[in-house]
Amino acid sequence: MLTKEHVESRKDFEIRSERVDDIVLIIGVLVQMGLPEVLDNHIPVHWKQRELSWGWTAVIWLAYILSEGDHRKVVVRQYVKNLEQTLSTVSGQTVRELDFTDDRLGILLKNLSKPSYWEPIEAELNQKSIRAYDLETDVVRCDATTVSGYHEVREGGLFQFGHSKDDPSLPHIKLMTGALDPLGMPLATDVVSGERADDGLYVPVINRIHAVLERQGVLYVGDCKLSAIETRLHIKGLGGHYLCPLPQTGKTPEVMAEWVRDGIALEKEKALQPVVVTDANGEEAIVAAGYEVERRCSGVVNGQTLEWTERVLVVKSFNHAGQQERGFDTRLDQAEQKLYALTPPRGRGKKQITDEQSLKAAIEAIEKQHRVDGLLRVEYEREVERTTKYRGRGRGGANRQQEVVESIRYHITAVTRDAAKIEHVKEPFGWRAYVTDTSGDR
């Protein structure tokens, strides 16, 4: 039975419920990475700054983003208000909602966007992670991607129009990342405006990765933009290696045609070397086949002339060949359908082509649109429909003059495929050339 004294003593206690979810685990991992200390080592303290450091502000904000999947600033303050006790206990700091106002989070973002702060933060974090977990650092994959959004384009801003496979109609930013392969751990990341070309983004990222790993012999893997001779020379100057496909620019298409011809000849002789991969179940499958040639390369780096032997791996990917063939067949089907639709039957609202030159121009335009020039044979005929009508207006009569009116239309009767030419076009499908300076046993 509760006495009056018991009730009055319980007035000193306040019960508060806070939903913890995964926030404690996330903060624990970020602390294990040493993120608070690293950020505080490089972001200066403002004289008007509140008690909670920039490092802990970033850790709690990141924990919110990862837990809630929401990167907005405006909701963080209320979120922290609902978890003040939990966050203070887990972090060992005095956490208050005023530490997470829009203005303060904006200042943190501004500091992180400065290369003079971000690059040393990135380097120290990577060094801590690599040393702590003894990560493999033999292979680094470099690649760029775009992120589009409904943003206003401003002069000098990040969101700009440029080449994008995402959505060319929207402005976007470009991200260049170098990550450990196959782990996927980012070592260096640059965020630049969307109109920037990929080519010039590799060297700055590779330089930072080289400074973090502090070793030679790292293999840098990338797409065809990495194959620029200046980038390959730079990697050689750092004592690294490269592996990347060759783009179809410059003299490469001419040389590539010879390599593909040789590859097709070797394929017919069953003399190509198979490329075997092992899946998660331990089953092996042949996914490609190819051969290699060697060529000498040279260039000047930091006043020093470098010469080396480059291996060109000419490979046919069976999956890629199948994708190209399916896409090619689709284009042929679409072109055929549009060609037949050029000359519909006579009828109300059915536009007819009445002269041969217009028909030929329309046929050429469709073939060019679907990139099937010269692969389809189009047969057509000239149709003339004659009708007799009275001259002038009014009703007909025995004495009214008549005339014969000819209505001309062109009609496509058949569209056939040139099998020999189509087979010749399909021959190089799936073939691609990769260049590397590594030895064959790597």
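How many aromatic pairs does the structure hold? The count is 3 aromatic pairs, and one of them, Tyr-380 with Tyr-410, gets a closer look below. Keep in mind that this is a predicted model. Here's the quick tour, from overall fold down to that pair.

**Overall build**
- You're looking at 14 helices and 11 strands in this protein.
- The radius of gyration comes out at 34 Å, while the globule rule gives 22 Å for 442 residues, so the protein is more spread out than a compact globule.
- If you want box dimensions, the C-alpha trace spans about 125 × 70 × 50 Å along its principal axes.

**Packing and surface**
- Of the 442 residues, 38% are buried.
- Among contacts with a separation of 6 or more, 61% come from residues 24 or more positions apart.
- The accessible surface adds up to about 27300 Å², and carbon and sulfur atoms own 51% of that.

**Charges**
- On the charge side, there are 59 positive and 68 negative side chains.
- The centres of those two sets sit 9 Å apart.

**The Tyr-380/Tyr-410 pair**
- Tyr-380 and Tyr-410 meet edge-to-face, at 6.1 Å centre to centre with 65° between the planes.
- Tyr-380 belongs to strand 9 (residues 376–390) and Tyr-410 to strand 10 (residues 402–417), so the pair ties together parts that are 30 residues apart in sequence.
- Buried or exposed, where does Tyr-410 fall? Tyr-410 is buried, with a relative accessible area of 9%.
- Its partner Tyr-380 counts as partly exposed, at 27% relative accessibility.

Conventions. Residues are numbered from 1 along each chain as its sequence is written. This is a predicted model: local features need pLDDT of at least 70, side-chain atom pairs count only at pLDDT 80 or more; totals for chains, interfaces and linings use all residues. Side-chain values use heavy atoms; hydrogens and water are left out. Helices (H or I, at least four residues) and strands (E, at least two) are DSSP runs, numbered from the N terminus. The radius of gyration is taken over C-alpha atoms; the globule rule is 2.2 Å times the number of residues to the power 0.38. Buried means under 20% relative accessible area, exposed over 50%, partly exposed in between (1.4 Å probe, protein chains only). Contact means heavy atoms within 4.5 Å. Accessible areas come from the Shrake-Rupley method with a 1.4 Å probe; for residues, only the protein chains shown count as cover. Lys and Arg count as positive and Asp and Glu as negative; His and the chain ends are not counted. The place of a charge is taken as NZ of Lys, CZ of Arg, CG of Asp or CD of Glu. Rings of Phe, Tyr and Trp (its six-membered ring) pair if their centres lie within 6.5 Å; planes under 30 degrees apart count as stacked, over 60 as edge-to-face and the rest as tilted.
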